[in-house]
Each structure stands twice: as structure tokens, then as C-alpha cells.
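Here is a short report for a first look at this structure. Start with the sequence and the model below, then read on section by section.

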Amino acid sequence: MRINPEITALTAEYWDGLLNQRLLLQKCATCTAIWHPPEPVCPMCQSADVEWVEASGFGTLYSYTWVHHATHEVFRDDVPYLVVLVDLLEGPRLVSTIHGQTVGALPIGAQVRAVYPGAGDRDEGLVTFEFIENADANQETKAP
Ligand code: ZN
């Protein structure tokens with residue numbers, strides 16, 4: 001059993017982007033605000049002139065928690081699992097995870113980048129993150 005997101009007309013562009021390893025965010029053509037999750041109008045100025053832009057995939061670890069008690073039976077075999085908040089370079093904060101970590105402290109403020117472990121699979125196509133080991137060197141060559 002899995003819990004898959006409900007794909008609506010409002011969110012289809014976002015989910016289709018993840019299938020193709022692209023993290024898409026909405027941007028207001030009127031005031032240039034960028035946000036997530038998708039909204040029908042700009043949350044800053046209420047303009048309906050909204051476009052999709054591709055995020056860089058880079059961000060910083062804002063916070064995290066280790067979940068030790070499954071909140072739903074589908075997560076029972078996954079505990080403890082990691083839930084992270086990532087502040088994207090473009091501004092929005094995403095809820096996600098970082099695979100391959102062991103329970104313990106993580107470096108708040110560390111630089112991360114998006115990875116798409118299930119790209120191409122509608123049932124697995126979520127964005128997750130990984131730490132950038134040599135952030136300064138990687139930022140010089142890979143960041144926009
Ligand atoms: Zn706006």
C-alpha cells in the first residue's frame with residue numbers, strides 16, 4: 001500500500017516536472033514572487049498571472065526531525081525516518097527527506113541539492129535531497 005498525492009489541474013505541472021527530474025515552482029509574472037506548494041493565484045499580490053519556473057535544486061537544511069512512531073500504517077516499516085525542511089535557493093521551503101542518513105544530529109544550514117530517486121515513475125517520483133560534500137567547490141561549478 002502506498003499513499004500517492006492527488007494530482008489535480010493545479011499540481012499536474014509540478015508532478016510532471018518531477019517525472020523528468022525538474023523541480024518546478026510557481027512564479028508571479030506581476031510581482032516575481034516564487035512559492036510552493038502550487039496556488040491558483042499569487043499569495044503575495046493575488047495576481048492570476050502565474051508561470052512555472054525550474055528551480056536550481058540547491059538549498060540549505062533549515063530543520064529536520066526523526067520520526068520514530070509511524071503516523072500511518074504504510075510508514076510502519078520505515079521508522080525511524082527523516083523529515084527535513086529545505087530552504088530552496090529561490091526562497092520556498094520544501095518538506096522532503098535525505099536518504100542514507102542514520103539517526104542523529106544533522107548540520108543545520110548545510111547545503112543540499114535535489115535528487116530524484118524515482119524519476120520516470122509516477123508512483124515514486126518525489127524530490128529528495130542530498131548533502132553537498134564540498135559545497136564551495138560544487139557551488140562554483142554547478143550552481144546557477
Ligand atoms: Zn504576485
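## The largest nonpolar core

In this predicted model, the largest nonpolar core has 20 residues. Those with the most contacts inside it are Leu18, Leu23, Leu88, Ile98, Val127 and Phe129. Which elements give two or more residues to this core? They are the helix α1 (12-19) and the strands β4 (58-67), β5 (81-88) and β7 (111-115). The most comes from β5, which gives four residues.

Phe129 deserves its own look. Leaving out residues up to four places away in sequence, Phe129 touches Gly57, Val86, Leu88 and Leu94. The list goes on with Ser96, Thr97, Ile98 and His99. Val112, Arg113, Ala114 and Val115 complete it. Two of these partners, Leu88 and Ile98, are also named among the residues with the most contacts inside the core.

## The zinc site

Which residues coordinate the zinc ion? Cys28, Cys31, Cys42 and Cys45 do, each through its SG atom. The distances run from 2.2 to 2.4 Å. The angles among the four donor atoms are 104 to 118°, and the site is tetrahedral. Along the chain, the donors follow the spacing C-x2-C-x10-C-x2-C. The structure holds zero disulfides.

Are these cysteines buried or exposed? Cys42 has 0% relative accessibility, so it counts as buried. Cys28 has 1%, so it counts as buried too. Cys45 is at 31% and therefore counts as partly exposed. The cut-off for buried is under 20%.

## Glutamine 26

Gln26 is found in strand β1, which covers residues 24-28. Cys28, a zinc donor, falls within that residue range. Gln26 is buried because its relative accessible area is 4%.

What does the side chain of Gln26 meet? One polar contact, of 2.9 Å, joins it to the side chain of Trp35. A polar atom of the Gln26 side chain also lies 2.6 Å from the backbone nitrogen of Glu39.

The wider surroundings of Gln26 again leave out residues up to four places away in sequence. Gln26 touches Leu10, Ala33, Ile34 and Trp35. It also touches Pro37, Pro38 and Glu39. Val50, Glu51 and Trp52 are further contacts. Trp35 and Glu39 thus appear both in this contact list and as the polar partners, Trp35 through its side chain and Glu39 through its backbone nitrogen.

Definitions and conventions:
Residues are numbered from 1 along each chain as its sequence is written. This is a predicted model: local features need pLDDT of at least 70, side-chain atom pairs count only at pLDDT 80 or more; totals for chains, interfaces and linings use all residues. Side-chain values use heavy atoms; hydrogens and water are left out. A nonpolar core is a set of buried Ala, Val, Leu, Ile, Met, Phe, Trp, Tyr and Cys residues joined through side-chain atoms within 4.5 Å. Buried means under 20% relative accessible area, exposed over 50%, partly exposed in between (1.4 Å probe, protein chains only). Contact means heavy atoms within 4.5 Å. Donors are N, O and S atoms within 2.8 Å of the metal (3.2 Å for Na, K and Ca); water is not among the atoms, so sites may look incomplete. Four donors count as tetrahedral if all angles lie between 85 and 135 degrees; four count as square planar and six as octahedral if opposite donors are over 155 degrees apart and all others between 65 and 115; anything else is irregular. A polar contact is a pair of N or O atoms within 3.5 Å; within protein, one must be able to donate a hydrogen and the other to accept it, and residues adjacent in sequence count only if both atoms are side-chain atoms. A disulfide is a pair of cysteine sulfur atoms within 2.5 Å.
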